[in-house]
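Thank you for making room for me this morning. I would like to walk you through one structure, so please have the sequence and the coordinates open while I talk.

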Amino acid sequence: SILLTGGYINKSLTSNCYLILVNKNQRTDQFEVNVMPYGKMKSGRERHNIIFLEDRNSVLVCSGFFNNGSEITNLDSGEWTNLGQMNEVRGNATIAYVNNRYVYVIGGYKVQEGRNLPGIYHGNCEFFDLNDQNPYEDSDPNKNENIPKMRGKNKGLEKGEDNLDLSKIPL
């Protein structure tokens with residue numbers, strides 16, 4: 001299965017999602033492809049970061065070129081839940097899932113306002129602790145949501161450092 005999320009359609013950000021299922025037909029020995037609409041994300045995204053959390057059967061998406069929000073979906077539900085705002089916009093970042101608990105968003109690119117300004121490549125990271133069950137301020141208290149908080153305000157590089165110091169972030 002493949003989950004496609006967001007992108008640009010007709011020069012507009014989209015929150016559309018599609019689940020692509022590929023199965024081999026045992027009788028014909030041919031592959032069959034089914035494309036099914038999946039629940040829309042809360043925010044439109046493009047060049048965002050996405051990771052499959054296998055042990056949770058969930059997908060987490062965050063940031064992109066034009067927002068710093070994050071959200072998660074359990075693939076059985078088809079619904080997205082906001083996880084709150086990241087500290088920085090991080091398009092095209094590296095994302096990793098460690099110890100079935102932490103999601104690290106490392107590096108990435110921040111577009112600058114104005115056409116002639118160069119963007120910024122981040123030399124640090126932020127992380128989610130998925131075992132932290134304190135709800136975000138923007139979660140709906142009537143739904144009794146327990147969702148993880150974004151942690152780690154730009155952990156990693158300090159001014160003048162050349163390498164990401166992993167001793168500064170939990171593993």
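How many salt bridges does the count come to? Before I answer, please keep in mind that this is a predicted model, and that every value I quote is computed from it. The count comes to seven salt bridges, and I will take you through some of them, including the pair formed by aspartate 29 and lysine 24, whose side chains meet at 3.0 Å, N to O. Lysine 24 has a relative accessible area of 39%, so it is classed as partly exposed.

Another of these pairs joins glutamate 46 to arginine 47, with the closest N and O atoms 2.8 Å apart. Are these two partners buried or exposed to some degree? Glutamate 46 counts as buried, because its relative accessibility is 6% and the limit for that class is under 20%. Arginine 47, on the other hand, is partly exposed, because its relative accessible area of 43% falls between the limits of 20% and 50%.

A further bridge links lysine 110 with glutamate 88, and here the closest N and O atoms are 3.7 Å apart. Lysine 110 sits in strand β12, residues 109-110, while glutamate 88 belongs to the loop between β9 (80-85) and β10 (94-98), so this pair ties together parts that are 22 residues apart in sequence. As for its surroundings, lysine 110 has a relative accessible area of 28% and is therefore partly exposed.

Let me go back to arginine 47, since its backbone deserves a comment as well. This residue is found in the loop between β5 and β6 (49-53), and it has a positive phi of about 55° although it is not a glycine. Which other residue should we look at for a positive phi near 55°? Serine 63 is one, again a residue other than glycine, and its place is the loop between β7 (58-62) and β8 (69-74). With a relative accessible area of 0%, serine 63 is buried, whereas arginine 47, as I said, is partly exposed at 43%.

Now to the surface. Which residues form the nonpolar patch? They are Ile2, Leu4, Tyr18, Val22, Phe31, Val33 and Val35, and together they have about 660 Å² of accessible area. Three strands, β1 (2-5), β4 (17-24) and β5 (31-38), each supply at least two residues of this patch, and β5 gives the most, with three. If you would like one residue to look at in detail, take tyrosine 18, which is located in strand β4 and counts as partly exposed because its relative accessibility is 33%.

From the patch I turn to a pocket, namely the second largest pocket, which has a volume of about 210 Å³. Ten residues line it, and the closest to its centre are Phe66, Val111, Gln112, Glu113 and Gly114. What is the make-up of that lining? Its residues divide into four nonpolar, three polar and three charged.

Finally, a few positions where residues separated along the chain can be placed relative to one another in space. Valine 103 lies in strand β11, residues 102-106, and at 0% relative accessibility it counts as buried. Its C-alpha atom and that of aspartate 129 are separated by 6.7 Å, although the two residues are 26 apart along the chain. Cysteine 125, found in strand β14, is likewise buried, with a relative accessible area of 0%, and its C-alpha atom is 4.3 Å from that of isoleucine 106, 19 residues away along the chain.

The last position is histidine 122, in the loop between β13 (120-121) and β14 (124-129). Histidine 122 has a relative accessible area of 13%, which means that it is buried under the limit of 20%. From histidine 122 to glycine 91 the distance is 9.9 Å, C-alpha to C-alpha, and the two are 31 residues apart in sequence.

That is where I will stop, and I am happy to take your questions.

Methods. Residues are numbered from 1 along each chain as its sequence is written. This is a predicted model: local features need pLDDT of at least 70, side-chain atom pairs count only at pLDDT 80 or more; totals for chains, interfaces and linings use all residues. Side-chain values use heavy atoms; hydrogens and water are left out. Patches are made of residues with over 30% relative accessible area and no salt bridge: like charges are joined within 9 Å, nonpolar side chains (Val, Leu, Ile, Met, Phe, Trp, Tyr) within 5 Å. Accessible areas come from the Shrake-Rupley method with a 1.4 Å probe; for residues, only the protein chains shown count as cover. A salt bridge is a side-chain nitrogen of Lys or Arg within 4 Å of a carboxyl oxygen of Asp or Glu. Helices (H or I, at least four residues) and strands (E, at least two) are DSSP runs, numbered from the N terminus. Buried means under 20% relative accessible area, exposed over 50%, partly exposed in between (1.4 Å probe, protein chains only). On a 1 Å grid over the protein atoms alone, a cavity is a set of points where a 1.4 Å probe fits but cannot get out, and a pocket is an open set with protein on both sides within 12 Å along at least five of seven lines; lining residues have an atom within 4 Å of a point. Grid points are joined across faces, edges and corners, and a volume is the space filled by probe spheres set on the points. Ala, Val, Leu, Ile, Met, Phe, Trp, Tyr, Cys and Pro count as nonpolar, Asp, Glu, Lys and Arg as charged, and the others, Gly among them, as polar.
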